[in-house]
Amino acid sequence: MKTTRLPLVMLKVFAGVMMLTFIAPLSSYAEATGTEDKKTPEKQVEKQVEKRVEKTPEKPAPKNVKEVGEVMADQLYAPENCEMQIGFPKPPQIQRKCGIGPDGSDSGNCTEVVTYRMERANPPPAQTDQDKKDSPTSAAPPSAPPPSSLSVRVTCQNYTPSQLESFNDDVLKSALEQMLKEQNYQAYSDFAVDTTAGLRRASSMSMGVNNDVEHLYTGQIWKGEHSLFTIEAQMLGPSQEEIEKNFVAILRATHPKQSKSSPKPDKGVGQ
């Protein structure tokens, strides 16, 4: 696997993902319950991440243009049997997978597999005057790069308290490592494990270039009192603003369930 340094825009997205992965869910919960602490370890992580990213001035948004990448509140996936919730910009696909009993019928052991995908085409690179001089007139115009895509996969399975006890931190890390291997990725940094809103959470991250295709991937496993929630989210292809904003927005909308009075995600566009 070939790994190279990504451009600044990808590093900025990586920094945003790191902050949202480790900070946003806990911050949302703390704000909703009035228990926000300015000296939490998550705040320290945020400061360390900010040091890694070059500061660049933000361009003002064009007038009469809505910001893309906000998660729509009415596309919330929060099944009763799960202690987690996640928001999507549009309805995801939900497939119910069930085990087969000895007689070939439904065993009753079923799991919902939630998938979301979006893809955006990329224009071919513009030819400069120098390119035109260097290339013969009969040369074919540059081809368009591969499309950029975002894919998310979510499962939430029920377990008894005694079964969940066997999912210790080492087991969660091993599961994350296997998820990375299935994608042929390598971890960007050590796996992180912490407790957020009463749930144990393990996280992994991978970024780089695999077979000449840029990727940014994160895997998370949340262990509650009666469920195990797993999410895999990845971007593939060249940097694309709409893809990146939706990637971050979905992670921002992934957190433990809150009370009905908790803030809801904003509506958005781009779909």
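**View A. Glu119 and its partner Arg117.** Glu119 is partly exposed, at a relative accessible area of 43% (that label covers what falls between buried, under 20% relative accessible area, and exposed, over 50%, using a 1.4 Å probe and protein chains only). Its partner Arg117 is partly exposed too, at 46%. The two side chains meet in a salt bridge, with N and O 2.9 Å apart; the term asks for a side-chain nitrogen of Lys or Arg within 4 Å of a carboxyl oxygen of Asp or Glu. By that rule the count comes to five salt bridges. A word on the model: it is predicted, so local features need pLDDT of at least 70 and side-chain atom pairs pLDDT 80 or more, while totals for chains, interfaces and linings use all residues. Numbering runs from 1 along each chain as its sequence is written, and side-chain values use heavy atoms, with hydrogens and water left out.

**View B. Arg120 reaches Glu242.** Here the side chains of Arg120 and Glu242 form a salt bridge, 3.1 Å from N to O. Because Arg120 sits in strand β4 (residues 106-120) and Glu242 in helix α7 (residues 241-252), the pair ties together parts 122 residues apart in sequence. Helices (H or I, at least four residues) and strands (E, at least two) are DSSP runs, numbered from the N terminus. Buried or exposed, where does Glu242 fall? Glu242 is buried, at 14%, whereas Arg120 is partly exposed, at 22%.

**View C. Arg200 with Asp169.** In this salt bridge the closest N and O atoms are 2.8 Å apart. Arg200 belongs to strand β7 (residues 199-210) and Asp169 to helix α6 (residues 169-182), so the pair links parts 31 residues apart in sequence. Arg200 is partly exposed, with a relative accessible area of 26%, and Asp169 is partly exposed at 26%.

**View D. Phe88 and Tyr116, ring to ring.** The model has three aromatic pairs, meaning rings of Phe, Tyr or Trp (its six-membered ring) with centres within 6.5 Å; planes under 30 degrees apart count as stacked, over 60 as edge-to-face and the rest as tilted. For Phe88 and Tyr116 the centres are 5.6 Å apart and the planes at 35 degrees, so this pair is tilted. Phe88 comes from the loop between β2 (84-87) and β3 (93-100), Tyr116 from strand β4, so the rings tie together parts 28 residues apart in sequence. Phe88 is buried, at 0% relative accessibility, and Tyr116 is buried as well, at 3%.

**View E. Into the nonpolar core.** A core here is a set of buried Ala, Val, Leu, Ile, Met, Phe, Trp, Tyr and Cys residues joined through side-chain atoms within 4.5 Å. The largest has 26 residues, and Phe88, Leu150, Val152, Val154, Phe229 and Phe247 have the most contacts inside it. Elements giving two or more residues include β2, β4, β5 (148-158) and β9 (227-236). Which element gives the most to this core? That is α7, with five residues. Apart from this core lies another of 11 residues, among them Leu172, Leu180, Ala202 and Tyr217.

**View F. Pro146 in its loop.** Pro146 is found in the loop between α4 (129-134) and β5, and is partly exposed at 49%. Leaving out residues up to four places away in sequence, Pro146 touches Asn122 and Pro238 (contact means heavy atoms within 4.5 Å). The C-alpha atoms of Pro146 and Pro124 are 9.4 Å apart, with their positions 22 residues apart along the chain.
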